[in-house]
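Here are a few exercises to work through with the model open in your viewer. Try each task before you read its solution.

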Protein chains: 2
Amino acid sequence: MLSTYSGAVSGVACRAILSSFLSLCMALPLALAFSLVFPHEVRGQTEDMQTEDMQTEDERTVTAIFNERLTTGEMYRLLEDLCKNIGPRLSGSEGAERAVAWGKEVMEGYGFDRVYLQEVMVPHWERGDPEQVRILGVEGGMIELNALAIGGSVPTAPAGITAPVVVVHSIEEVEEIGREAVEGKIVFYNRAFDQTVIATGPGYGGAVDQRFAGPSQAAKFGAVGVVIRSAGSDFGDAPHTGGLRYLDDVERIPAAALGYQSADRLVEALEAQPAARLFMHLSSKWHPDVLSHNVIGEITGSERPDEIILVGGHLDSWDVSEGAHDDGAGVVHSIGVLRTFQKLGIRPRHTIRAVLFMNEENGLRGGLKYAEVAKETGEKHVIALESDSGGFSPRGFGVTAEDDVIERFRSWLPLFPQATISYINKGGGGADIGPLRRETGTPTIGFIPDSQRAFDYHHAPTDVFEVVNRRELELGGASIATLIYLIDKYGLRDEMAQ
Amino acid sequence: MLSTYSGAVSGVACRAILSSFLSLCMALPLALAFSLVFPHEVRGQTEDMQTEDMQTEDERTVTAIFNERLTTGEMYRLLEDLCKNIGPRLSGSEGAERAVAWGKEVMEGYGFDRVYLQEVMVPHWERGDPEQVRILGVEGGMIELNALAIGGSVPTAPAGITAPVVVVHSIEEVEEIGREAVEGKIVFYNRAFDQTVIATGPGYGGAVDQRFAGPSQAAKFGAVGVVIRSAGSDFGDAPHTGGLRYLDDVERIPAAALGYQSADRLVEALEAQPAARLFMHLSSKWHPDVLSHNVIGEITGSERPDEIILVGGHLDSWDVSEGAHDDGAGVVHSIGVLRTFQKLGIRPRHTIRAVLFMNEENGLRGGLKYAEVAKETGEKHVIALESDSGGFSPRGFGVTAEDDVIERFRSWLPLFPQATISYINKGGGGADIGPLRRETGTPTIGFIPDSQRAFDYHHAPTDVFEVVNRRELELGGASIATLIYLIDKYGLRDEMAQ
């Protein structure tokens, strides 16, 4: 590229003016900044800028939000802190407890109006020693495979298990080939992630049943163990873990995920030597439930303090990675909405609540507890937004609400700078806020970033801080803050905005 | 993320059917596949699919294009070959000549209808030994900086130069502070990339004048050398090179780009010790011009063989990287249009021509020569598209054409799957096809991918194959192939489509 960059320019300009405005704003003590603002206005806009350009107040505020995020990169640094100083944080682990303390400390440090913990009992599963999975009975001895126990798997016998392998490509195929073909064997679910699905979420959705329901299905027909081709979009050899669900009335058998290349090696070995056997050794362990917490921070609404706009992500991660995209990004997106409002002196009408949910990955207890408490107390939620699709470039939002609300959100699309949010889909939310919708009827929003790289890292050891791009992360955060700002200002409907 | 992926689904479905259709198609010898098709149709669609779903022919073809790219990843592998087996390929270098041979061989290997070279004389500049730039006269001795000579820079004296430093933030500031402040010094252009610009191309555009015009401006006022803060969006320490232009009537002084962190170190050192001096040693060298080539491949049009739809990128790269995003991506995007049409049996009405331009980075001679020849021969170009913004997720196209053409392209937007192309901007093209537009009035198109990561790698040693994502690259290629398919089928205007 030399110098021709035509076409793609920001929809909101006026940067020089805003930059000096922001310096002024950020130099003021917070209390003073607040005392100077009119509700829903960024301090100083009316006086300083009205005659200087033709931007509307909303355009100026949106520009200020994006500029703040892109300039400071503060949430990117916060993500680095979470990834590098806390690291893996599976529910029940010491890392998860440190993450809870971290979340509370961070939000208290920012001086949000209210920061507190919500108790929740969570499952506690441990992986144990590094997994061993190897092919035996092949030319030249054995072949080691890269494997991770599927989260929640029971261990193998202490000495491991060894069995012949039967290859299938679906849950249904296990039933078709039946007990005769499966009994005493290790079932290898080999169906790959569908690369043709452009949004990779549904691609993942099409592969994940093997991991989630495959073990019990295999056990029903007498299998002694399960391995799967990882539900990931990459062609590397990092295995992708994730959760499984054992059926109550079926024997619990050990299950592991293989890296893509390891799955290829197993296919090749079985083609060359169908009688080859697989050795598996997992030493995972279930412990009793543990007390943990959702972490909650708020800026109190100036007009409707009892009406809550929720923005959340989940604080727990799988144990094998830093949980950078999943869901460190959602954590800092959520904290970031409050932080950006605070820094820009945006005083919301409604209470804006950031919720860092515990235990999304293997139990959803945090989301369930939150909904239970909300229902009991009768707290009113205007809407709830979840960010749990990674810290990639923003593309859209999915919204589960009445059609008129969706149309209203679509009318705001021109306010989002080009190359950020381009669509509002009907239907969307997140795992953690699903129970709240079911229990209280709260409308929900899911943030949709670009999904092409997400499942290269998802639930794998490769989901580390280094694979998050600063600008992409901050643009996602700014997009979310923008939507929350507009919802707070205008409400879901005209009658509510009064 | 657990299992809630709402909203973001592909706009074009019908995968299972197409998948078996594609297997069939690809199993056929190419000649047979061609003999079976109707013009502009994918073989077998009418018979096989009309009753099976409600997709239009265009929707089916677009789905087929995206599926082919995402499933095979063939262009990603081709990019790996270019990056790893050819590598750096600055004009005039041995690498550039190997790249020319590679491009010809690849397209001949695919059996395109016509593959040929177009001669062009190109400049030949060499970097020489690794650059040495260090701060002298500071506490504790000296500080080494990460630096790269700016492309085209003259060398320093063989023993290097040592001089005090004056810090400026713009071309204009050099004139403001004047000869008294500048004479005998090394000018340090310290203005950083503007992080607030959302599309990073314009952000780069706002910083690059320091690199391009800064050296001659400093020399005008008596400077003996120039260093710049690299025109990159990252905060790492990899310097970003690029080209400069010396004015004819001004002394040519050596110039180097510093990594972001090295620029910070220099700022800090000068704050602590304003009398600190900078030592620079560059051993770059200009050689006489060298004969090189644009590489051209075509599929001949079935109805209008003399009317050309051009899709291009540039084959040369800077010498310090693999040129993966810049512009290996554009090379495989261009070859990929022809390859995808060939594999799917799409027989174009117009001649589709892929042009791999030589010398975009430091001379533009390939683009100039191509336009000169096109003008001389009177070849008719319907339109020319350039991909030179990297192999990132597709977002839009910029189009320089009459308004009615742009409106026509916009009417095709619903055919692009969600999460690919969402806008057609007015205005766009590329450096290599700019001369063709100026000489012949050919309308131009620039491909616009997501730009957030582009300038982290641009012109830096970090622009390697590993920072290209397979799905993002292939989606970009599929988006370009889709637009070319639609232009070929429908023309720019109704009267031309007859």
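Two strands pair if DSSP finds at least two bridges between them. Helices (H or I, at least four residues) and strands (E, at least two) are DSSP runs, numbered from the N terminus. This is a predicted model, where local features need pLDDT of at least 70 and side-chain atom pairs count only at pLDDT 80 or more, while totals for chains, interfaces and linings use all residues. Residues are numbered from 1 along each chain as its sequence is written, and chains are lettered from A and ligands numbered from 1 in the order in which they are written.

**Exercise 1. Find the partners of strand 16 of chain B, and say which way each one runs.**

Step 1: start with strand 13 (residues 380-386) of chain B, which is joined to strand 16 of chain B by 3 bridges and runs parallel to it. Within this pairing, L385(B) has I445(B) as its bridge partner.

Step 2: go on to strand 14 (residues 394-400) of chain B, where 6 bridges lead to strand 16 and the two run antiparallel. Here F397(B) stands opposite F447(B).

Step 3: check the cover. A residue is buried if 20 or more other C-beta atoms lie within 10 Å of its own, exposed if 12 or fewer, and partly exposed in between, with C-beta atoms placed from the backbone. For strand 16 (residues 444-449) of chain B, 6 of its 6 residues are buried. T444(B), G446(B) and I448(B) point one way, I445(B), F447(B) and P449(B) point the other way, and all are buried.

**Exercise 2. Work out how chain A is laid on chain B, and what the two share where they meet.**

Step 1: superpose by least squares on the C-alpha atoms of residues with pLDDT of at least 70 in both copies. A turn of 180 degrees with a shift of 0.0 Å along the axis lays chain A on chain B with an RMSD of 0.0 Å. The two copies are thus related as by a two-fold rotation axis. In chain A, the C-alpha nearest that axis belongs to S422(A), 3.5 Å away from it.

Step 2: list the contacts (C-beta atoms, placed from the backbone, within 7 Å). Between the chains, 59 residues of chain A are in contact with 59 residues of chain B. Elements of chain A giving two or more residues to this side include helix 4 (57-72), strand 15 (423-426) and helix 17 (470-490).

Step 3: compare the two sides. Since 100% of the interface residues of chain A are also interface residues in chain B, the copies meet through the same surface.

**Exercise 3. Which face of helix 5 of chain B is buried, and what covers it?**

Step 1: check the span, expected to be 1.5 Å times one less than the number of residues. Helix 5 (residues 74-86) of chain B has 13 residues and reaches 17 Å from first C-alpha to last, close to the expected 18 Å.

Step 2: pick out the buried residues, which are M75(B), Y76(B), L78(B), L79(B), L82(B), C83(B) and I86(B). Take the arc from the directions from the helix axis to the C-beta atoms. In helix 5 of chain B the buried residues fall within an arc of 160 degrees, so they line one face of the helix. As a reminder, an α-helix has 3.6 residues a turn, so residues three or four places apart point the same way.

Step 3: look at both sides. The face turned away from the buried side of helix 5 of chain B carries the exposed residues R77(B), K84(B) and N85(B). Among the elements covering the buried residues are helix 6 (94-110) and helix 12 (324-344) of chain B. Just after the helix, G87(B) takes a positive phi of about 80 degrees.

**Exercise 4. Hunt for backbone oddities in both chains.**

Step 1: scan omega. The peptide bond from D326(A) to D327(A) is cis, with omega near 5 degrees, and the bond from D326(B) to D327(B) is cis too, also with omega near 5 degrees. D327(A) is found in helix 12 of chain A.

Step 2: scan phi. H459(A) is not a glycine, yet its phi is positive, about 65 degrees. The residue sits in the loop between helix 16 (454-457) and helix 17 of chain A, and counts as buried with 32 C-beta neighbours inside 10 Å.

Step 3: do the same in chain B. A419(B), another residue other than glycine, has a positive phi near 75 degrees. Its place is the loop between helix 14 (403-411) and strand 15 (423-426) of chain B, and A419(B) is buried, with 26 other C-beta atoms within 10 Å.
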